[in-house]
Structures are given as structure tokens and as C-alpha cells.
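Colleague: I am new to this structure. Could you walk me through it in short steps?

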Amino acid sequence: MEIDEKPVVARVYGEHGSLPPITTTLGGTFVSFLNPAGQVQGGMLCAMLDDVTATLVVSTLAEGEHCATLNLNSSFLRPAKPGKLIGRATLVRRGRGVCNVNGELWQDDKLVATATAVCMVVAR
């Protein structure tokens, strides 16, 4: 996953970069997805892990079904630098209503973060 902040900001805040009203009420501004040390912020890594695990579950769903993450437990193994991250997911168990999934994020052939996710299958 290459982190280009501009499209992400557009998705989160709209094409014109409007902050949500609560953010402006609280005096917040968008600066970066990097922490003060210049590494990818952990919450962004969690969002990537949620995306990679949920995408795998979605690939197993029938027409008209969705997936909702019930639990995501993440572990950070080393700092992630701005740049390309590779996400991998493994389906541990696919039940009728609940799926267990493992996710990994890799950068430069090194494991950066892992997650275990529990996803619920829901009908539209």
C-alpha cells in the first residue's frame, strides 16, 4: 500500500478538504498520517489491517451480504516508513455468521504489524 495522503484526505474530508463540523468545533486540523518521528501512525496501520482482513472476508460473501468488523487486535512489530506497504490476509475460519481472519503488513520484506480480526456476516 503506497501512502499518498492527498487522495485519503479527499475521501475523508471531501474533494474540497472540508473538515467535519466536530473537528472544526474542537479546533482540529489535518496535518499528516505520520507521527512526530516521521513514521506511519499506528491508527493508520490498524485501518490498513482492517481493510485487508475485511476485503478477504468480503471475497467469500454471497450476493447481498456485507461484513462488519467486530474485533481487531493489532500488534506493531517495527516502525513503518512512508511508502509502500504490502497487506496479506489469511482466513482462519469461515462460519455462517462469523469469520476469523489474520492480517499482516509488510514493508521492505519485513513484517511491520499483525492483526487478528473477527468479522460478522450481515445481510443488506
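**Strands, loop and contacts**

Modeller: Keep in mind that this is a predicted model. Start with one pair of strands: β3 covers residues 98-107 and β4 covers residues 110-123. The two pair in the antiparallel sense, over ten bridges.

Colleague: Which residue in β4 stands opposite Asn-102?

Modeller: Stay with the same two strands, β3 and β4, which pair in the antiparallel sense. The residue in β4 opposite Asn-102 is Thr-116.

Colleague: In what order do the four strands of the sheet lie?

Modeller: The sheet is open and its pairing is antiparallel. Its edge strands, each pairing on one side only, are β1 (65-76) and β2 (86-94). On average, neighbouring strands are turned by 25° against each other, direction ignored. The order is β1-β4-β3-β2.

Colleague: Which helix packs on this sheet?

Modeller: Look for residues 42-58. This helix touches β1, β2, β3 and β4, and its direction makes about 140° with that of β1. The helix is α3.

Colleague: Is Asp-108 buried or exposed?

Modeller: Asp-108 is found in the loop between β3 and β4. Its phi is positive, about 55°, although Asp-108 is not a glycine. Exposed means over 50% relative accessible area. Asp-108 has 52% relative accessibility, so it counts as exposed.

Colleague: And what is the relative accessibility of Asp-109?

Modeller: Asp-109 is also found in the loop between β3 and β4. Asp-109 is not a glycine, yet it has a positive phi of about 60°. Asp-109 counts as exposed because its relative accessibility is 76%.

Colleague: Is Gln-107 buried or exposed?

Modeller: Gln-107 has its place in strand β3. Leaving out residues up to four places away in sequence, Gln-107 touches Pro-79, Ala-80, Lys-81, Pro-82, Gly-83, Lys-84, Leu-85 and Val-112. Buried means under 20% relative accessible area. Gln-107 has 6% relative accessibility, so it counts as buried.

Colleague: Which residue's backbone oxygen does the side chain of Gln-107 reach?

Modeller: Lys-84 is among the residues that Gln-107 touches. The side chain of Gln-107 comes to 3.4 Å from a backbone oxygen, and that oxygen belongs to Lys-84.

Colleague: How far is the charged end of Arg-88 from the centre of the ring of Trp-106?

Modeller: Trp-106 falls within β3, residues 98-107. The charged end of Arg-88 sits over the ring of Trp-106. Its distance from the ring centre is 4.9 Å.

Terms used
Residues are numbered from 1 along each chain as its sequence is written. This is a predicted model: local features need pLDDT of at least 70, side-chain atom pairs count only at pLDDT 80 or more; totals for chains, interfaces and linings use all residues. Side-chain values use heavy atoms; hydrogens and water are left out. Two strands pair if DSSP finds at least two bridges between them. Axes are lines fitted to C-alpha atoms, for helices over the stretch in contact, and angles run from 0 to 180 degrees between N-to-C directions. Contact means heavy atoms within 4.5 Å. Buried means under 20% relative accessible area, exposed over 50%, partly exposed in between (1.4 Å probe, protein chains only). A charge sits over a ring if NZ of Lys or CZ of Arg is within 6 Å of the ring centre and within 35 degrees of the ring normal. A polar contact is a pair of N or O atoms within 3.5 Å; within protein, one must be able to donate a hydrogen and the other to accept it, and residues adjacent in sequence count only if both atoms are side-chain atoms.
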